[in-house]
Amino acid sequence: MSPSHRSRSHRPVASFSRSLISFLNSALSCLFPSAKQTAVQVYDYPKVTYTKRRSISRPRHLKPILSNNIPASKIHFIHYLPVELLSLIFIIGSKQDSFFPIVISHVCSAWRQIALRTPELWCRILLSPQESMWRERVRRSRACFLDIQLCSTRVTKFGFHRSQDLDPYSVNWYMQIVFPHIRRWRSLDIDFTQQVPHLWKAVLAGCFTPAPWLEELSLKYRLNDDTREFFLFASFTPRLRRLRVDGIRLIWTPSLFGNLTFLDYTHHGFTSGHQAVQDVISILVVTSRITELRVLFPRGQIACLPSRREVVTQRATLPFLNHLVLKVDGSDIPFEIAHLVTLISSPTLSILRLIDLKRAHDSFQSLKSFFYVYPLPPSLRFIYIGHAWYDPSMVHAMVHSLPRLWKILIRRSRLPEQVLYLKNPTIGMDGPINHAEEHKLYQSHLHQLDVHYFPVCSK
């Protein structure tokens, strides 16, 4: 077919299209007199018009388009927010409530589109019997990092806490949802309160590949009866900074835990005495870069492994340690803590917290012996003394022996919290003490330790 014949064949189609569009415009003008006549545009064939491209350096305004049928005075202000700001609000809400993404995705179609197009909104995975829901969440998270949590209690969509029965088969089945995505893990939180044999083995059976983006790890199982040492993530977690361990034995290697800055260690109880101290010292030698350390030797557990009788002589130097927490859950200070603190060198220690989990009224019997063998570092500026750790003579000695001490906070049973401020602290080697920065530093550590701070009487 020749070009002239092809152009003549298109003329009837073009004329019919123009007549149809003119009819639609006239009909719209009759029904809606105020409507613009440019609602339907006419294009000539074969001529094609191109719109001017907007520069990528000057993007379009991101405010959602509002309907012209709704008066501006009746439109809620949240509809004027940009899409990026709404998605950021949704992400913050999802960190507080695991079912928050589901709630907002059912508000309206616009919010549902925003939720489905925000992968970070679906990154929190709380493993439970709702297997299909968590698999869909993993799919919606796309390539974002994942925060995995598996606990003995689960939260329903109405916010209630319900206990779930866990056994090795169900636990391993839940973990199979996230094991293929282990390279995307950002945090792993496992907390068991039931005593079930072989539970740890079922959970950690698939943790044999590297986790290059893992930043936080929490393994809690106080009733664990498995004495084996577990080797995790092929000994490669370069971004791991925070670790909580309770009731489990691990193989501590520098490539796995060498970059830790926070360690909350609760001894597993399979060893006691000098052997338990040796275990903790070997851990601190590997994790020498930590800035905050919490230690607890729980009472009431029976040692299952052979114990050594030789006195531990190995020492651990923690040059970056700034915050030390010593916790006791028995009637007296354990031998392991008293011996451990004498083997730790912390030249930059600034905050010391002495916590009595039993909240006893009387002081520990071995309190004076403890402070006799443990010389407090002169760099201390804040000391928290709780319940059975309190002794007036010890507090008086602290005030006169620590030149840089600025505040002592005392918590006793059936008495209000007391705060002792030292008005004229001695000037340190690095200049005068900045009280504003010290108070801000203290508050940043205080809210992480389950202690409610409220106005108290000063003496």
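About 30 Å³ of space lies in the largest cavity of this predicted model. A cavity here is a set of points on a 1 Å grid where a 1.4 Å probe fits but cannot get out, with lining residues having an atom within 4 Å of a point. The structure holds one cavity of 30 Å³ or more.

Who lines it? Leu263, Tyr265, Val280, Ile283, Leu284, Leu293 and Val295 do. H9 gives the largest share, three residues, while E10, H9 and E11 each supply at least two. Helices (H or I, at least four residues) and strands (E, at least two) are DSSP runs, numbered from the N terminus.

Now for two single residues. Buried means under 20% relative accessible area, exposed over 50%, and partly exposed in between (1.4 Å probe, protein chains only).

| Residue | Element | Relative accessibility |
|---|---|---|
| Aspartate 264 | strand E10 (residues 262-266) | 11%, buried |
| Leucine 88 | helix H2 (residues 83-96) | 46%, partly exposed |

Leaving out residues up to four places away in sequence, aspartate 264 touches Leu243, Arg244, Val245, Arg294 and Lys327; contact means heavy atoms within 4.5 Å.

As for the leucine, Leu88 joins Leu85, Ile89 and Ile92 in a nonpolar surface patch of about 350 Å². Nonpolar side chains in such a patch are joined within 5 Å, and each residue has over 30% relative accessible area and no salt bridge.

A few ground rules: residues are numbered from 1 along each chain as its sequence is written, and side-chain values use heavy atoms, without hydrogens and water. Local features need pLDDT of at least 70 and side-chain atom pairs 80 or more, while totals for chains, interfaces and linings use all residues.

Key
Patch = residues over 30% accessible without salt bridge, like charges linked within 9 Å, V, L, I, M, F, W, Y side chains within 5 Å. Areas by Shrake-Rupley, 256 points an atom, 1.4 Å probe, with all protein chains shown as cover. Salt bridge = Lys/Arg side-chain N within 4 Å of Asp/Glu carboxyl O. 1 Å grid on protein atoms, 1.4 Å probe; cavity = no way out; pocket = protein on both sides within 12 Å on 5 of 7 lines; lining within 4 Å. Points joined across faces, edges and corners; volume = space filled by probe spheres on them.
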